[in-house]
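Biologist: Please choose a single part of this model, look at it closely, and then place it within the rest of the chain. I would like the cut-offs stated as you go.

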Amino acid sequence: MSTEITAEHLLSAADRADPDRAARLVFQAFLALSRTTDSDRLLPLLARARAAHEVSRSAATELIYRTLAGTVATRAGNAEGPEHLATAVRIFDQHAFGDDPVLVECALTAVMTLMLPDQARRFAPLLADLDLAAVDRARMLALIGVGDAWAGNLVRGQAELREAARLAGQCGSLDVQAEVTSWLAKCDALRGDLDEAAAHLDQARELAAQVGSAWVAHHLPECTAALAFARGDRETWAGLLELVVATDVGATAGLQYEYRWELATHHALAGRPGVAGELLAGVDDPPVSWPGGPVLPAWRAWILDPDAVGTTTALTVALDLLTRPTERLLAARIAWLLGAHHGRAGRRGEAARLLEQACAGYARTGAAGMLTLVMRDLRALGGPPSAGPAGVDLSPVVGSAFPTPSGGPTLTEAEARVATAIANGLSNREAAQRLFLSVKTIEFHLGNIFRKLGVRNRTELAARQARTG
């Protein structure tokens with residue numbers, strides 16, 4: 001059954017229901033339509049929720065009304081959205097509605113639309129205790145997974161999104177499956193699972209087309225851009241960012257500023273300062289409370305004059321202001337931009353410090369795909385000396401490729417180097433010295449290597465190399 005027909009049935013039932021029941025049915029109709037229709041077509045649902053609340057005046061109906069009002073307003077770009085959403089969350093907390101699935105989903109939706117993804121985790125225990133249909137569990141688990149990934153835990157977020165996609169597919173909810181799969185593709189790209197990201201992108205496109213998902217179709221270019229960036233294809237990435245910025249993708253996640261600033265940075269560093277300036281002209285900085293808000297003014301100044309000592313220093317100082325969970329990935333990205341800039345200018349010490357800071361940030365969040373790209377810039381600073389303290393051999397590992405079976409999982413370049421070093425008998429510390437990495441980075445890569453290759457320890461890794469090499 002199409003989502004529109006499902007919504008029509010729910011709204012028809014709402015016509016015959018008491019106000020409290022009617023408000024719940026209207027919210028369920030919103031859930032049915034939210035992935036397959038434009039925001040202006042959701043406005044009639046808001047009017048119906050408001051009417052139900054004006055009659056009932058219960059806390060539950062106000063929670064539903066405020067969630068719908070805030071979500072629809074935010075999607076439409078109206079300023080009153082956050083106030084409605086904050087009220088919805090406050091009502092949920094005051095009345096302890098944690099045993100009511102509809103109201104839990106209302107509050108979870110409000111938290112995510114308010115761009116507070118680190119708060120989504122508090123709904124996970126409630127979800128575990130609720131008796132839910134598979135599609136309801138898939139929707140809410142997807143929001144929690146996106147929240148975890150957005151708040152800097154890509155490992156947990158990816159696992160939750162995979163389970164949400166499985167549940168949605170199991171119950172035949174193609175609109176939910178399309179949305180979850182598109183989010184999963186971006187998470188895969190950041191994690192360095194590039195083959196899976198590409199497959200999930202294709203699947204999301206096909207699923208969106210099957211249900212006519214306006215919401216998913218709108219966000220697919222953003223997900224495709226993430227994969228292009230993770231692949232190191234900067235020109236494709238920049239072209240996709242042009243589309244993303246032009247269509248204001250990322251508005252509900254607070255990323256529209258970050259995407260615009262990224263595109264302007266690309267043009268500035270490519271010697272097109274005029275294009276960079278045009279992208280930023282007339283666009284005010286968001287408030288400091290916005291995700292990334294503390295760094296955006298300094299980033300803007302640096303984009304407009306990246307070779308000035310003052311703008312570089314100011315951006316470096318502003319980097320320390322990115323302390324919130326939603327800013328972990330951006331903090332790593334800014335450190336990377338600054339480190340690469342110092343490297344191009346021949347300032348190897350400052351470049352190494354900032355690039356290693358970026359590596360640590362990406363390792364902390366589980367962004368193995370991004371980590372691989374930063375490491376290329378770190379290696380480009382120049383190889384380490386041939387011998388280190390106490391005569392430790394620091395020459396490059398011979399043979400960066402690690403053999404994998406045909407059709408098997410693909411290791412990133414960085415993972416392949418680490419796998420080869422460890423399979424050849426080096427300790428983690430020796431491999432770190434040989435590859436000019438930290439021991440923590442080696443440990444991070446080993447976790448991904450073992451998972452991808454299905455091996456449990458170093459001995460099995462060496463045996464895998466011997467069999468397939």
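Modeller: What follows is a close look at one helix, and then at its setting.

The model is predicted, with local features requiring pLDDT of at least 70 and side-chain atom pairs counted only at pLDDT 80 or more, whereas totals for chains, interfaces and linings use all residues. Residues are numbered from 1 along each chain as its sequence is written, and side-chain values use heavy atoms, with hydrogens and water left out.

The part I have chosen is helix H23, which covers residues 439-453; helices here are DSSP runs of H or I with at least four residues, strands are runs of E with at least two, and both are numbered from the N terminus. H23 has 15 residues and reaches 21 Å from its first C-alpha to its last, close to the 21 Å expected at 1.5 Å a residue, where the expected span is 1.5 Å times one less than the number of residues. Just after the helix, Gly 454 adopts a positive phi of about 70°.

The buried residues of H23 (buried means under 20% relative accessible area, exposed over 50%, and partly exposed in between, with a 1.4 Å probe and protein chains only) are Thr 441, Ile 442, Phe 444, His 445, Leu 446, Asn 448, Ile 449, Phe 450, Lys 452 and Leu 453. As background for reading such a list, an α-helix has 3.6 residues a turn, so residues three or four places apart point the same way.

Two of these residues, Ile 442 and Ile 449, are also among those with the most contacts inside the largest nonpolar core, which has 163 residues. A nonpolar core is a set of buried Ala, Val, Leu, Ile, Met, Phe, Trp, Tyr and Cys residues joined through side-chain atoms within 4.5 Å. The others with the most contacts inside that core are Trp 299, Ile 303, Ile 334, Trp 336 and Leu 461. Leaving aside neighbours within four places in sequence, Ile 442 is in contact (heavy atoms within 4.5 Å) with Val 418, Ile 422, Asn 428, Ala 431, Ala 432, Leu 435 and Leu 437.

Lys 452, although buried, also takes part in a network of salt bridges that links it with Arg 162, Asp 193, Glu 196, Glu 415 and Arg 451; a salt bridge is a side-chain nitrogen of Lys or Arg within 4 Å of a carboxyl oxygen of Asp or Glu. Within that network, Arg 162 forms a salt bridge with Glu 196, the closest N and O atoms being 2.9 Å apart. This pair links distant parts of the chain, with Arg 162 in helix H9 (residues 154-170) and Glu 196 in helix H11 (residues 194-211), 34 residues apart. Arg 162 counts as partly exposed because its relative accessible area is 31%, and Glu 196 is likewise partly exposed, at 33%.

Other salt bridges give a background to this network, and by the rule above the count comes to 23. One of them joins Asp 15 and Arg 48, with closest N and O atoms 2.4 Å apart. Asp 15 lies in helix H1 (residues 3-15) and Arg 48 in helix H3, so this pair ties together parts that are 33 residues apart in sequence. At 56% relative accessibility Asp 15 is exposed, while Arg 48, at 29%, is partly exposed. Another joins the side chains of Glu 105 and Arg 139 at 2.6 Å, N to O. That pair also links distant parts of the chain, Glu 105 in helix H6 and Arg 139 in helix H8 (residues 134-150), 34 residues apart, and both residues are buried.

Positive phi values also occur in residues other than glycine. Arg 57 has phi near 60°; its place is in the loop between H3 and helix H4 (59-76), and it is exposed, with a relative accessible area of 59%. Met 115 has phi near 65° and lies in the loop between helix H6 (101-113) and helix H7 (124-129), but Met 115 is buried, at 16%.

As for the whole chain, there are 24 helices and 0 strands, and buried residues make up 54% of the 469 residues. Among contacts between residues at least 6 apart in sequence, 60% join residues at least 24 apart. The C-alpha atoms fill a box of roughly 80 × 55 × 40 Å, taken along the principal axes. The radius of gyration, taken over C-alpha atoms, is 24 Å, which agrees with the value near 23 Å for a compact globule of 469 residues, the globule rule being 2.2 Å times the number of residues to the power 0.38.
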